Amino acid sequence: MKKRMVSSLLAVAMITTLLGGCGTKQGETTKTEQAVAETEKTEGNTNAAKESEVLAGGTEVELSFWYPISQESEANWYAMMVQKFNEEYAGKIKILETANTRGESFAYEDKVSAAAATNSLPDILMADGPNVASYAYSNMFIPIEDYFTEEEMKDFLPSTIAQGTYDGHFYAVGMGEGIINIYYNKDMLDAAGISAPEKIEDAWTWDEYYDVCKKLTKDGIYGGNFIQEKSGEWIIVAFQPFLVANGAQLLSDDGSKAEGYINSEKAIQTGIYLQKFADEGLINVDPTATEFQEGKCATKLAGAWIIPTLEQADFNWGVTYIPQKEAYAGSTSGGWTVGVTPNCQNVDAAMEFIHYLSSPEACASFTVDGPAYPPVRYSAYDLLDIYDDGPNKIIKETLFEEGHARPATPNYPIFTQKFSEAFYDILLGADVKTSLDDIANSFDKEWEATYAK
């Protein structure tokens, strides 16, 4: 797709000043009106009761809120939502926001850990989905399931519920959920006589994708791009789909053991496959952040957050599926979530804000006005027409059909750090088995020392 692929957004009740409306025939009920009416019907009584309790007092409640930012659209969206909430709840609840630059590696997580160690966490905290289990285990989040009705919980995607749940309790909820796909330069593929799959059943196999990248690598152009950042959470987000596609399990079902899983024979085969792209120069092991946008590579592993920048690109582009080993196995899903810390003295007020951020209307706005992540609520898709066809339909299909959350384990910080180090070393030529053994050894050693009972 060239330039902008967002065709229009139906007007929504909470954010009418931000989102444009679509015309309807006289007497016709729009998808938005239907969705909003249903939302009000299922949520109204519970939320109204909680709101009346929160707003009954005469003193304004001030709540601190930390969130990470990695791109301008994300920062602008959070700032906008905080401002709108504070205006709507003026004199009742005030959110004091702190935007923290994400950067590469784990700078935001390190700041959160330092705050936990000094008992200086904010009232409301955002956490990357796979870190929820660790934060819950460490008493950095409190359970919040009692603040959602059964109907509300059913409106969230299963992967969203899974990443926010630990040990039977729900701790954090998101607004948008990322899903990894292959973005491609359609002009380059057309010139090479290559058509990208547009149906799940036609997804490229590993061998087919390798051949595509090999054919497209020439004249200083790389066939693929695997690396958004060389350390931090990206590496596991990008490479987990390849492991899943090959039938490799990253950790044991209970998240307590890595030996025999991340270093299994199938995992080793996956590492060898990925390493081949680097060895043969089909990918750049040290790319710039905008390599794809600059037309220096033909395909790229990325999430929907890349779309706002692609809308400014001067070439035609499209989206297809992660390559599969045998059958379609989906992709990595997940996103940033928000929860309440034990430091919060007014949980009702905090949850009023969290409900505000995670409402269907806000989730729709997060997609269009924010970083373009697909919404986490089914009803939010009824407020949007951008997922009906084109590249966004493929993104939605990937998320709905085969979205795989990252491993849920309180030892996740160790796992993702070691995973990132090992797989980047593999791209640089390190022995695959030795690198994966190091992940397993480090994880299991930390588990025994910290979590084993």
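1. Let us start with the loop that joins helix H3 (107-117) to strand E3 (124-128), since Asn-119 sits there. Helices here are DSSP runs of H or I with at least four residues, strands are runs of E with at least two, and both are numbered from the N terminus. Asn-119 has a phi near 55 degrees, a positive value in a residue other than glycine. Most residues other than glycine have a negative phi. With a relative accessibility of 60%, Asn-119 counts as exposed; the cut-offs are under 20% relative accessible area for buried, over 50% for exposed, and partly exposed in between, with a 1.4 Å probe and protein chains only.

2. A word on what you are looking at. This is a predicted model, in which local features need pLDDT of at least 70 and side-chain atom pairs count only at pLDDT 80 or more, while totals for chains, interfaces and linings use all residues. Residues are numbered from 1 along each chain as its sequence is written, and side-chain values use heavy atoms, with hydrogens and water left out.

3. Asn-139 is worth a look after Asn-119. Its phi is positive, about 60 degrees, although Asn-139 is not a glycine. You will find Asn-139 in the loop between helix H4 (132-137) and helix H5 (150-155). Asn-139 counts as exposed, at 57% relative accessibility.

4. Now to the largest pocket, which holds about 850 Å³ of space. A pocket is an open set of points on a 1 Å grid over the protein atoms alone, with protein on both sides within 12 Å along at least five of seven lines; a cavity is a set where a 1.4 Å probe fits but cannot get out, and lining residues have an atom within 4 Å of a point. Points are joined across faces, edges and corners, and a volume is the space filled by probe spheres set on them. Which residues are the closest to the centre of the largest pocket? Of the 33 that line it, they are Ser-70, Gln-71, Gln-228, Glu-229 and Trp-305.

5. The lining of this largest pocket can also be read by element and by domain. Strand E1 (61-69), strand E7 (178-179), helix H9 (234-245) and strand E11 (331-334) are the elements that give two or more residues to it, and E11 has the largest share, with 3 residues. At least three lining residues come from each of domain 1 (61-174 + 336-372) and domain 2 (179-333 + 408-451), with bounds taken from an automatic or database domain assignment. By type, the lining of the largest pocket has 12 nonpolar, 13 polar and 8 charged residues. Here Ala, Val, Leu, Ile, Met, Phe, Trp, Tyr, Cys and Pro count as nonpolar, Asp, Glu, Lys and Arg as charged, and the others, Gly among them, as polar.

6. Strand E11 also contains Thr-332, which is buried at a relative accessible area of 2%. The C-alpha atoms of Thr-332 and Thr-398 are 9.4 Å apart, although 66 residues separate the two along the chain. Gly-330 lies in the loop between strand E10 (317-320) and E11 and is buried too, at 2% relative accessibility. From the C-alpha atom of Gly-330 to that of Glu-397, 67 residues away along the chain, the separation is 9.5 Å.

7. How many cavities of 30 Å³ or more does a search of the whole structure find? The search finds 1. The largest cavity has about 50 Å³ of space, and its lining consists of Glu-74, Tyr-78, Met-175, Gly-176, Gly-335, Trp-336, Phe-366 and Tyr-373.

8. Phe-366 also appears among the buried residues of H13. Helix H13 (residues 360-368) has 8 of its 9 residues buried, so the rest of the structure largely encloses this helix. Helix H12 (residues 347-357) is mostly covered, with 9 of its 11 residues buried, including Met-351, Phe-353 and Tyr-356.

9. Finally, the rings. The whole structure has 41 aromatic pairs, counted when ring centres of Phe, Tyr and Trp (its six-membered ring) lie within 6.5 Å; planes under 30 degrees apart are stacked, over 60 edge-to-face, and the rest tilted. One of them is the edge-to-face pair of Tyr-381 and Phe-400, at 5.1 Å centre to centre and 80 degrees between the planes. This pair links distant parts of the chain, 19 residues apart: Tyr-381 is in helix H14 (residues 378-381) and Phe-400 in helix H15 (residues 390-402). Tyr-381 is buried at 7%, whereas Phe-400 is partly exposed at 33%.
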